[in-house]
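Me: I would like to understand how the words used for a protein structure follow from their definitions. Could we go through some of them together, slowly?

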Amino acid sequence: MTNDDISPILKIFAMPVAFIFIALGILTVLGGHITPGGGFQGGAMIASGIILVILIFGLNDSPIELSHKYISIIETLGALGFIFIGLVGLVYGGSFLYNVGTDFYSVVPNFIVNIFHYPDVTNAGAVPYFNILVGLKVFVGLSAVVIAFLGFKSLTEEAEEDD
């Protein structure tokens, strides 16, 4: 089945639903330290929105374009950020990935601290940052797998046409 065989109704339906998936995924990642869910679940939701659009529109005609450079930058930021926060826990808490609580805010710049530093009991230290970084890794990882499979599929189809 090619992209021309996909119904126009499906194409119209895919983008709004994908944006809803992505928005709910972002909400799940950002609220993961006070609600059920977190980085993995939110990252999977974001990836599902991207995957829906890629499957409906095809790899080359997709309105959401994830280039190899973009994917590698996001994945690198997620991994390095996770390692950085883990090392902060090692230095200030004694073990890797230790949630140092309010001591964490003395290391991180104030403009980042103000995002998650709540004056009530929801102050979760480094946990929201872990959720964001895990969400980035999961989103990019799942999306990259589908993009790679679709790329392999198109290469095999081209090879079959040449034969």
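**Terms and their cut-offs**

Reply: Let us begin with how one helix passes another: helix 1 passes helix 2 in a left-handed crossing, a term used if the near helix is turned anticlockwise from the far one by less than a right angle, and right-handed if clockwise. This is a predicted model, in which local features need pLDDT of at least 70 and side-chain atom pairs count only at pLDDT 80 or more, while totals for chains, interfaces and linings use all residues. Residues are numbered from 1 along each chain as its sequence is written, and side-chain values use heavy atoms, with hydrogens and water left out.

Me: What makes helix 1 roughly antiparallel to helix 2?

Reply: The axes of helix 1 (residues 8-30) and helix 2 (residues 39-57) come within 7 Å and cross at roughly 165°. Angles under 35 degrees count as roughly parallel, over 145 as roughly antiparallel, 65 to 115 as roughly perpendicular and the rest as oblique, so helix 1 is roughly antiparallel to helix 2. Here the axes are lines fitted to C-alpha atoms, for helices over the stretch in contact, and angles run from 0 to 180 degrees between N-to-C directions.

Me: Why is helix 2 called roughly parallel to helix 5?

Reply: The axes of helix 2 and helix 5 come within 7 Å and cross at roughly 30°, and that angle makes helix 2 roughly parallel to helix 5. Helix 2 passes helix 5 in a right-handed crossing.

Me: How do you know that E75 forms a salt bridge with K137?

Reply: A salt bridge is a side-chain nitrogen of Lys or Arg within 4 Å of a carboxyl oxygen of Asp or Glu, and for E75 and K137 the closest N and O atoms are 2.8 Å apart, so the pair fits the definition. This pair links distant parts of the chain, with E75 in helix 3 and K137 in helix 5 (residues 127-162), 62 residues apart. A search of the whole structure finds one salt bridge.

Me: Why is E75 called partly exposed?

Reply: Buried means under 20% relative accessible area, exposed over 50%, and partly exposed in between (1.4 Å probe, protein chains only). E75 has 27% relative accessibility, so it counts as partly exposed. K137 is partly exposed because its relative accessible area is 29%.

Me: What makes M45 partly exposed?

Reply: M45, which lies in helix 2, has a relative accessible area of 28%, and therefore M45 is partly exposed.

Terms used:
Helices (H or I, at least four residues) and strands (E, at least two) are DSSP runs, numbered from the N terminus.
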